Amino acid sequence: MNLFQWVALTFIGCSLLVEVVRAIRQKRTSWAKSFRISIWLAAAISVLNPGLVTRMAHSIGIGRGADVLIYVVTLTFIATTFYFYSRYLRLQRQITDLTRYLAIHEAKHPETSSADVITES
């Protein structure tokens, strides 16, 4: 093993250990935790055996293993960006609905507005 493999495997091992300890402590494994653990395991296997990624790339018609990694990282980045943008829009909509509800509620019952409740207690 070369120096990069030692450093990368140390980092991956620590990250994997943190994920496994969190999963054990919470006693409930979600699909996201399982996905993260499997990603760390795949990264460790890829670092230990770089030829495996190259063989997988050849099997799907791509010349180099590095190209496969670039494609996967790029597609994951785009999917993650779309996911968080949709979450951001949903959060904005919820804040708007909540603000609208509070404004209507306080307009109907001005004597029990939230400002009065806060000052009374």
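**Exercise 1. The start of helix α1**

Which side-chain oxygen reaches to within 3.2 Å of the backbone nitrogen of Phe-4 at the start of α1?

*Solution.* The structure is a predicted model. Begin with the helix itself: α1 covers residues 3-26. At its start, the backbone nitrogen of Phe-4 is approached to within 3.2 Å by a side-chain oxygen that belongs to Asn-2. Next, turn to the other end of the helix. Just after α1, Lys-27 adopts a positive phi of about 55 degrees.

**Exercise 2. The overall fold**

Describe the secondary structure of the chain, and state how much of the chain is buried.

*Solution.* First, list the elements: the chain contains five helices and zero strands. In sequence order, the pattern is therefore written α-α-α-α-α. Second, consider burial: 16% of the 121 residues count as buried. Third, consider the surface, which amounts to about 10000 Å² of accessible area. Carbon and sulfur atoms account for 69% of that area. Finally, examine the contacts between residues at least 6 apart in sequence; 40% of these join residues at least 24 apart.

**Exercise 3. The length and burial of helix α1**

Compare the span of helix α1 with the expected value, then identify its buried residues and what covers them.

*Solution.* Helix α1 has 24 residues, and 35 Å separate its first C-alpha from its last. This span is close to the 34 Å expected at 1.5 Å a residue. The buried residues of the helix are Gln-5, Ala-8, Leu-9, Ile-12, Ser-15, Leu-16, Glu-19 and Ala-23. Their cover includes α2 (31-48) and α3 (50-59).

**Exercise 4. The environment of Gln-5**

Is Gln-5 buried or exposed, and which residues does Gln-5 contact beyond its neighbours within four places in sequence?

*Solution.* Locate the residue first: Gln-5 is part of helix α1. Its relative accessible area is 12%. Because the cut-off for burial is under 20%, Gln-5 is classed as buried. Once neighbours within four places in sequence are set aside, Gln-5 is in contact with Val-47, Leu-48 and Pro-50.

**Exercise 5. The salt bridges**

How many salt bridges does a search of the whole structure find? Characterise each pair by its distance and its exposure.

*Solution.* The principle is that side chains of opposite charge can pair when their charged atoms come close. The search of the whole structure yields three salt bridges.

*Step 1.* Glu-19 pairs with Arg-36, with 3.0 Å between the closest N and O atoms. This pair links distant parts of the chain, since Glu-19 lies in helix α1 and Arg-36 in helix α2, 17 residues apart. Glu-19 has a relative accessibility of 9% and so counts as buried, whereas Arg-36, at 36%, is partly exposed.

*Step 2.* Arg-64 pairs with Asp-67, and their closest N and O atoms are 2.9 Å apart. Arg-64 has a relative accessible area of 51%. Because exposed means over 50%, Arg-64 is classed as exposed.

*Step 3.* Arg-100 pairs with Asp-97, the closest N and O atoms lying 3.4 Å apart. Both residues belong to helix α4 (residues 65-108); because they are three residues apart there, about one helical turn separates them. Arg-100 is partly exposed at 48% relative accessibility, and Asp-97 is partly exposed at 41%.

Technical notes: Residues are numbered from 1 along each chain as its sequence is written. This is a predicted model: local features need pLDDT of at least 70, side-chain atom pairs count only at pLDDT 80 or more; totals for chains, interfaces and linings use all residues. Side-chain values use heavy atoms; hydrogens and water are left out. Helices (H or I, at least four residues) and strands (E, at least two) are DSSP runs, numbered from the N terminus. Buried means under 20% relative accessible area, exposed over 50%, partly exposed in between (1.4 Å probe, protein chains only). Contact means heavy atoms within 4.5 Å. Accessible areas come from the Shrake-Rupley method with a 1.4 Å probe; for residues, only the protein chains shown count as cover. The expected span of a helix is 1.5 Å times one less than its number of residues. A polar contact is a pair of N or O atoms within 3.5 Å; within protein, one must be able to donate a hydrogen and the other to accept it, and residues adjacent in sequence count only if both atoms are side-chain atoms. A salt bridge is a side-chain nitrogen of Lys or Arg within 4 Å of a carboxyl oxygen of Asp or Glu.
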